[in-house]
Amino acid sequence: MSSSSTPGLTRFNTLADGEAIAVLHEVCAAAAWGRALLAGRPYATEEALSAASDAATARLGAADLAEAMAGHPPIGRPRPGDPASSREQRGMAGASEELVAEMLELNLAYQERFGHVFLICATGATGEQMRDAVRSRIGNPPEREQEIVRTELGRINRVRLTRLVREILVQSPFVQDSPPQES
């Protein structure tokens with residue numbers, strides 16, 4: 001994110017708390033993360049928002065991480081009607097049937113081993129890169145994997161926050177560009 005304020009950041013800062021929590025939930029399903037970002041408003045810059053996100057992600061406990069991961073579909077199977085996961089997993093869109101089948105098998109093995117979906121910041125990654133990542137991470141000790149998951153969640157949250165303040169809220173009807181003029 002850039003170091004300057006944007007119209008989308010201004011809109012985020014001025015959203016009613018309920019609206020802000022709703023848009024933050026679209027970024028990360030962990031309620032504790034959303035509450036932490038809400039409590040830090042207003043943010044002077046996108047970088048300040050990113051830093052707050054990173055700090056909130058670092059403070060998530062095991063239950064919070066599980067809540068966050070529950071908001072992410074398995075790689076190769078984005079949820080219908082979920083444009084964020086479809087966009088982020090674009091690298092699997094043209095994957096061969098063999099790669100899709102292999103990812104399904106690896107996702108299931110990973111989930112059996114760790115008890116949650118395989119989480120990776122898939123933005124810009126190819127299907128093969130995602131497959132290679134799950135292959136390399138499936139043998140990790142659970143403690144190591146939890147830290148990798150936390151790092152990947154932080155990367156995903158940054159990507160989604162950037163999109164939120166640069167694209168979504170700029171076009172959003174939530175807040176007017178300027179206060180109404182008094183007659």
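On a 1 Å grid over the protein atoms alone, a cavity is a set of points where a 1.4 Å probe fits but cannot get out, and its lining residues have an atom within 4 Å of a point. The model is predicted: local features need pLDDT of at least 70, side-chain atom pairs count only at pLDDT 80 or more, and totals for chains, interfaces and linings use all residues. Residues are numbered from 1 along each chain as its sequence is written, and side-chain values use heavy atoms, without hydrogens and water.

**Exercise 1.** Describe the largest cavity and its lining.

Step 1. The structure holds one cavity of 30 Å³ or more.
Step 2. The largest cavity encloses about 90 Å³, a volume being the space filled by probe spheres set on the grid points, which are joined across faces, edges and corners.
Step 3. Eleven residues line the largest cavity, and His72, Pro73, Ile75, Gln89 and Ile120 lie nearest its centre.

**Exercise 2.** State which residues have the most contacts inside the largest nonpolar core, and which helix supplies its largest share.

Step 1. A nonpolar core joins buried (under 20% relative accessible area, 1.4 Å probe, protein chains only) Ala, Val, Leu, Ile, Met, Phe, Trp, Tyr and Cys residues through side-chain atoms within 4.5 Å.
Step 2. The largest such core has 43 residues, and those with the most contacts inside it are Phe12, Trp33, Leu37, Leu49, Ile75, Met130 and Leu161.
Step 3. Helix 9 (a DSSP run of H or I, at least four residues, numbered from the N terminus) gives this core its largest share, six residues.

**Exercise 3.** List the contacts of methionine 130 beyond its neighbours within four places in sequence.

Solution. With contact meaning heavy atoms within 4.5 Å, methionine 130 touches Ile75, Gly91, Met92, Met103, Phe118, Ile120, Ala122 and Ala125.

Note on methods. 1 Å grid on protein atoms, 1.4 Å probe; cavity = no way out; pocket = protein on both sides within 12 Å on 5 of 7 lines; lining within 4 Å. Buried < 20%, exposed > 50% of the residue type's maximum accessible area, 1.4 Å probe, protein only. Helix = DSSP H or I, 4+ residues; strand = E, 2+ residues; numbered from the N terminus.
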